[in-house]
Protein chains: 2
Amino acid sequence: MSTTTRPTATDEVTEQATRPLRADAQRNYDKLIATARTVVTEQGSDTSLEEIARRAGVGIGTLYRHFPNRLALLEAIYREDVDGLAALADRLVATESPWDAMAHWVEAFSAYAATKRVLFHEIMEVAGREAEVLSHSRKVIVAAADLTIGGAQRAGVVRNDIQVNDITRLVGGCTMMPGADAEQQRRMVRLVLDGLRVSP
Amino acid sequence: MSTTTRPTATDEVTEQATRPLRADAQRNYDKLIATARTVVTEQGSDTSLEEIARRAGVGIGTLYRHFPNRLALLEAIYREDVDGLAALADRLVATESPWDAMAHWVEAFSAYAATKRVLFHEIMEVAGREAEVLSHSRKVIVAAADLTIGGAQRAGVVRNDIQVNDITRLVGGCTMMPGADAEQQRRMVRLVLDGLRVSP
DNA sequence: TTAGTATATGGAGGCTCCCTCCGTTTATGC
DNA sequence: GCATAAACGGAGGGAGCCTCCATATACTAA
């Protein structure tokens with residue numbers, strides 16, 4: 001969530017490298033995404049772009065310069081969060097024990113799923129199940145889950161008689177369910193984690 | 001879908017029987033629901049109430065006189081369809097063999113699920129999973145399914161090693177899935193039906 | 001440093017949608 | 001037929017998405 005730059009549109013046809021954003025533009029881009037994330041998390045899907053622009057201290061025209069429509073903004077948040085989750089997996093695997101890396105990543109994934117339900121729904125509603133951003137996110141999540149959960153399995157600290165896929169479904173399913181509060185979710189995740197541990 | 005009257009609001013507190021709608025009002029009420037059903041089926045969720053009113057040959061004010069807001073109209077369609085499905089179950093069971101009654105009802109249910117996905121989604125989005133209309137519909141569908149599918153089981157023409165509930169889930173699940181065309185759905189339903197038959 | 005220019009800004013306003021209000025019309029009971 | 005409660009319908013308020021373009025600002029080359 002720190003220094004996020006707009007994905008530099010490396011145009012695959014014309015090799016003409018697009019020049020970087022002007023400093024103020026990059027600042028506004030970041031502020032917009034950060035604000036939008038906050039507001040959407042607070043208010044759910046029915047948030048007006050006007051309010052996001054206002055709270056980001058930016059004109060509505062500027063918002064539309066960066067994100068050609070509502071969907072583009074939502075997708076940008078979603079994509080950034082998913083990529084953050086992947087980066088977290090790398091970091092955890094590099095610095096913690098296989099079990100801890102797995103447990104911490106599952107917790108982060110659960111928190112992510114809880115807040116991103118709204119985003120996911122709206123994107124699917126508007127762009128369809130096959131939206132590029134959604135299949136990209138599936139791919140990234142699967143890779144990160146394999147790194148952390150699969151890694152813990154390969155290290156012998158997590159049961160082998162269960163698929164990585166099942167676990168992400170389980171955790172995702174629990175927390176995507178509307179109506180469960182944060183505490184309940186944490187309990188459910190802890191329960192799943194306990195069930196995963198290889199008994200010593 | 002023929003003679004539907006507005007559910008006469010038998011006010012449970014004051015026993016004061018509400019007088020029936022004036023003839024023109026009843027006519028418009030029916031026309032509005034019928035038109036709305038068509039338009040929503042055609043265009044999905046993003047249909048303006050203005051267009052529904054216009055195509056029903058009625059002013060927007062009239063629409064709002066009958067349905068205080070968008071959700072009320074959607075709920076009315078949904079409720080009517082569900083009740084129609086229940087009535088169909090009664091009729092089929094009374095006039096056809098247990099197997100035919102079951103098969104025809106499952107087909108009707110499948111068609112219903114396919115077109116009502118949109119409605120269901122929007123109602124849940126706005127009114128929440130616990131909306132009265134949704135729990136009512138669950139109850140009604142369960143009863144109708146027990147009458148037809150359960151009846152066929154009790155008559156010995158449908159396998160007994162499967163729950164009624166599983167079948168409605170299966171059929172509903174298949175057809176609620178976006179992206180399947182009508183023909184594919186019919187094939188899936190036929191497949192399920194074949195699987196249900198008690199081998200002679 | 002400065003001037004010139006590509007880039008970025010922001011808000012007025014168009015369009016559509018949901019919904020309200022209220023003057024006009026119409027069915028119904030006497 | 002008349003009186004009147006009931007119903008109609010559409011103008012318009014408010015909000016949301018998005019466009020357009022006059023203005024402002026960050027870079028760059030001299």
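Me: Which residue just after H6(B) takes a positive phi?
Reply: Bear in mind that this is a predicted model. Look just past the end of H6(B), where phi turns positive at about 85°. The residue there is Gly156(B).

Me: Where does H6(B) bend?
Reply: Helix H6 of chain B covers residues 132-154, 23 residues in total. From first C-alpha to last it reaches 31 Å, close to the 33 Å expected at 1.5 Å a residue. There's still a bend of about 30° in H6(B), and it sits at Asp146(B).

Me: Which residues of H6(B) are buried?
Reply: A residue is buried here if 20 or more other C-beta atoms lie within 10 Å of its own. In H6(B), that picks out Ser137(B), Ala144(B), Ala145(B), Thr148(B), Ile149(B), Gly151(B), Ala152(B) and Gln153(B).

Me: Which helix supplies the largest share of the surface near DNA strand C?
Reply: Strand C has 24 residues around it, with Gly59(A), Gly61(A), Ala23(B), Ser48(B) and Arg70(B) the closest. H1 and H3 of chain A plus H1, H2 and H3 of chain B each supply at least two residues. The largest share is 4 residues, and it comes from H3(A).

Me: And which helix gives the most to the surface near DNA strand D?
Reply: Of the 23 residues around strand D, Ala23(A), Ser48(A), Asn28(B), Gly59(B) and Gly61(B) come nearest. At least two residues each come from H1, H2 and H3 of chain A and from H1 and H3 of chain B. The top contribution is 4 residues, from H3(B).

Me: How many charged residues does the surface near DNA strand D have?
Reply: Split that surface by class and you get 9 nonpolar and 7 polar residues. The charged ones number 7.

Notes
Residues numbered from 1 in each chain as written. Chains lettered and ligands numbered in written order. Predicted model: local features only at pLDDT ≥ 70, side-chain atom pairs only at ≥ 80, totals over all residues. Near = placed C-beta within 6 Å. Expected span 1.5 Å × (residues − 1). Bend = angle between axes of the 7 residues up to and from the residue. Buried ≥ 20, exposed ≤ 12 C-beta atoms within 10 Å, placed from the backbone. Nonpolar A, V, L, I, M, F, W, Y, C, P; charged D, E, K, R; others polar.
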